[in-house]
Amino acid sequence: MSRLRILILAPDTNPESITGPLLSFRQAEALARLHDVTLAIRSTGEGAVRRAQAPFRDIEVVRMPLVERFYAWTFRRIFKSDYRSQALTAFGYPFSIVFEWHAWRQLRKRIHSGEFDVALRLLPVVSVLPSIFSYFLRKGPIPFVIGPLNGGLPWPRGFSQADNQKQWISGLRNLYRFLPFARATYENASAIVAGSSQTYAEFAKHREKCFFLPENGVSRSLCNEVVRSAEPNRKLELVFAGSLVPYKACDLAMRAAAPLLRGDLAHFAILGDGPERSRLEQLTRSLEIEKAVSFCGPLSHAEAMQRMGSADVLLFPSVREFGGAVVFEALAVGAVPVVADFGGPGDIVNPQVGFKVPLINEHDMVCQMASILTDIAQNRHHLELLRQQGMAYAQEFLTWDGKAQTLTAIMQWALRQGPKPNLPPPKVLYSN
C-alpha cells in the first residue's frame, strides 16, 4: 500500500476532550501511522494535539482569535457547556464555514502545488454542517472525502425515557438542505462516509459513492485477552456504563436484571453519574435489589475499562444513541452487550457477539432483556462463545487501525487507484 499525502480537516480535534473531538483525533492518529497526514485544526486544540505527539507530518493551525473567543463564551454562557445541544449544532454552522474559509486561504497554494493527494473532513461529524472545501475542490486538483458522518436519529415514541428530551430544533433539521453549500458538499464530494444506518439512508441519492463505516472505534491495546473465572456457579457480573440521564434508560436495565439480582444470581455495577442517580437509587429500593447493585460514580477511563473487563454482560438499553462507544469498548474487553436495536449499538451488535432488543415499548423491552439474562445465566458456554467472538470482531473491524485501513481503501478508490471497497451494508432501519 503506497503512502498517501492526506489533508485532514478537523477543527476541534482534541485528544484530551470527549466525544467527537476525541474520536476524530484517534482516527487521524491511526491514519498518520499509515500515511503522511497534515492535520488542520483550530488554535484552541493546538496544545493538546502537540502534547499527544502523534506521528503527523504537519499540524496546520488556523488562528481565528476573535471568532474562537466568541464561540467559547457562547458555549459556556448560553449553551451551559452542553455539547449534546442540537441548538449548539445549528449555532456552529457559521463557525464551521469560517474555519474552512480560513483553512482554504492558508492551504490553497499548497493544494494547487500538488502537496496533497486527497482532502478528508473528519469534523464536524454531523451531516447538517456543510463544507465549502467540497465546493472549492469541485474541479480538483484533489478529491474531497467527508465522514464518517452522523446525525438525524429520531426520538423513539412510547418511551418515558425520551419524554421531554426532544428539543424544539429537531423539527427544523431538514432545513439544512437549504443552507449555503449544503447541496454542493455532497454533490461534489468524491466519497461520503456514513457513520450510521440512519445517515446512510439520508444519502440514498448518492448511494454510488456512499460507504458505511461506524463513527466510533477502539484502540488495539484494549483488545487483550481477559481471563474469566471458570466457576460455573459464580454470580453473573452485569455492568452499565454511561451518564445517568433519562435516555440512557438505566432504569430499564435495572428492572430487567431484578429477578436475577433478587435471587442472588448476579451483581450489577453502574459506572457513571448524573441527575438520574437519586431516582435510580430509589428504584433499587423499590425493586428490593439495593444490596446487589453498586453505584460506582464517575470513573477514569482506565478504571471503567478495568471494571468492564471483569464483567460478563454490558446492559445498555439506551433509547437514543448515535455512536455507542461504550458498546465498542465492551466488545473489545469481553463484556457481552445487550442493547436496544436502534442507533449506533443496533448497527454494531449482531447475534454472533451479543443481543439486540427491539424498541417496541418499555414493558416488552424489560421482559425480553430479563429473558436474555436468564438464558445467559443458565448457559455459560454460550456466554463464553459470544465473548470470544465479540473480542475477535472488535479486533478485526472496530479498532482505529482497522478503520484507517478501510478509509484508505475509500480514498484510493476516490483517487482511482484501487477498486471500490466492498463494505457490508448497514442494518435495516428501525421504523417508528
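Helices and strands here are DSSP runs, helices of at least four residues and strands of at least two, numbered from the N terminus. With that settled, hello everyone, and thanks for coming. What I am showing today is a predicted model, so please keep that in mind as we walk through it.

Let me start with one residue, Q53, which sits in the loop between α2 and β3. Its phi is near 50 degrees, a positive value in a residue other than glycine. Is Q53 buried or exposed? Q53 has a relative accessible area of 70%, and because the cut-off for exposed is over 50%, Q53 counts as exposed.

Q53 has a companion further along. R416, in the segment after α16, also is not a glycine and has a positive phi, about 60 degrees. R416 is exposed too, with a relative accessible area of 81%.

Now let me step back to the whole chain. We have 16 helices and 13 strands. Of the 432 residues, 56% count as buried. The accessible surface comes to about 19000 Å², and carbon and sulfur atoms hold 53% of that. If you take contacts between residues at least 6 apart in sequence, 72% of them join residues at least 24 apart.

On to the salt bridges, which I enjoyed looking at. How many are there in the count? The answer is 24 salt bridges. I will show you three of them.

The first on my slide is E46 with R63, whose side chains meet at 3.1 Å, N to O. This pair links distant parts of the chain: E46 belongs to helix α2, residues 46-52, while R63 lies in the loop between β3 (58-62) and α3 (65-77), 17 residues apart. E46 counts as buried, because its relative accessibility is 16% and the cut-off is under 20%.

Next comes D58 with R110, where the closest N and O atoms are 3.2 Å apart. Here strand β3, which holds D58, is linked to helix α5 (residues 93-112), which holds R110, and the two residues are 52 apart in sequence. D58 is partly exposed, at 25% relative accessibility.

My third example is D264 with K235, a salt bridge of 2.7 Å, N to O. Both partners are in loops: D264 between α9 (250-262) and β9 (266-271), K235 between β7 (210-212) and β8 (236-241), with 29 residues separating the pair in sequence. D264 is partly exposed at 49%, and K235 is partly exposed at 36%.

Before we leave this topic, let me go back to D58. Which residues does its network join? Through salt bridges that share partners, R57, D58, E60, R110 and E115 form one network.

Let's turn to prolines. A cis peptide bond joins L123 and P124, with omega about -5 degrees. You will find P124 in the loop between β4 (118-121) and α6 (132-136). Another cis peptide bond joins G140 and P141, with omega about 10 degrees, and P141 is placed in the loop between α6 and β5.

Then there is P180, in the loop between β5 (144-149) and α7 (182-188). P180 counts as partly exposed, at 47% relative accessibility. Leaving aside residues up to four places away in sequence, P180 touches Y93 and P130. P180 and L129 are 51 residues apart in sequence, and their C-alpha atoms are 10.0 Å apart in space.

Last stop: a pocket. Rolling a probe the size of a water molecule over the atoms shows where empty space is left. The second largest pocket holds about 410 Å³ of space. Its lining has 20 residues, and F212, P214, Y393, F397 and P424 lie nearest its centre.

Which element gives the most to that lining? It is α15, with 4 residues. At least two lining residues each come from α13 (343-348), α15 (380-398) and α16 (400-414). By class, the lining has 12 nonpolar, 4 polar and 4 charged residues.

That is my tour. Thank you for listening, and I am happy to go back to any of these sites on the screen.

Methods. Residues are numbered from 1 along each chain as its sequence is written. This is a predicted model: local features need pLDDT of at least 70, side-chain atom pairs count only at pLDDT 80 or more; totals for chains, interfaces and linings use all residues. Side-chain values use heavy atoms; hydrogens and water are left out. Buried means under 20% relative accessible area, exposed over 50%, partly exposed in between (1.4 Å probe, protein chains only). Contact means heavy atoms within 4.5 Å. Accessible areas come from the Shrake-Rupley method with a 1.4 Å probe; for residues, only the protein chains shown count as cover. On a 1 Å grid over the protein atoms alone, a cavity is a set of points where a 1.4 Å probe fits but cannot get out, and a pocket is an open set with protein on both sides within 12 Å along at least five of seven lines; lining residues have an atom within 4 Å of a point. Grid points are joined across faces, edges and corners, and a volume is the space filled by probe spheres set on the points. Ala, Val, Leu, Ile, Met, Phe, Trp, Tyr, Cys and Pro count as nonpolar, Asp, Glu, Lys and Arg as charged, and the others, Gly among them, as polar. A salt bridge is a side-chain nitrogen of Lys or Arg within 4 Å of a carboxyl oxygen of Asp or Glu.
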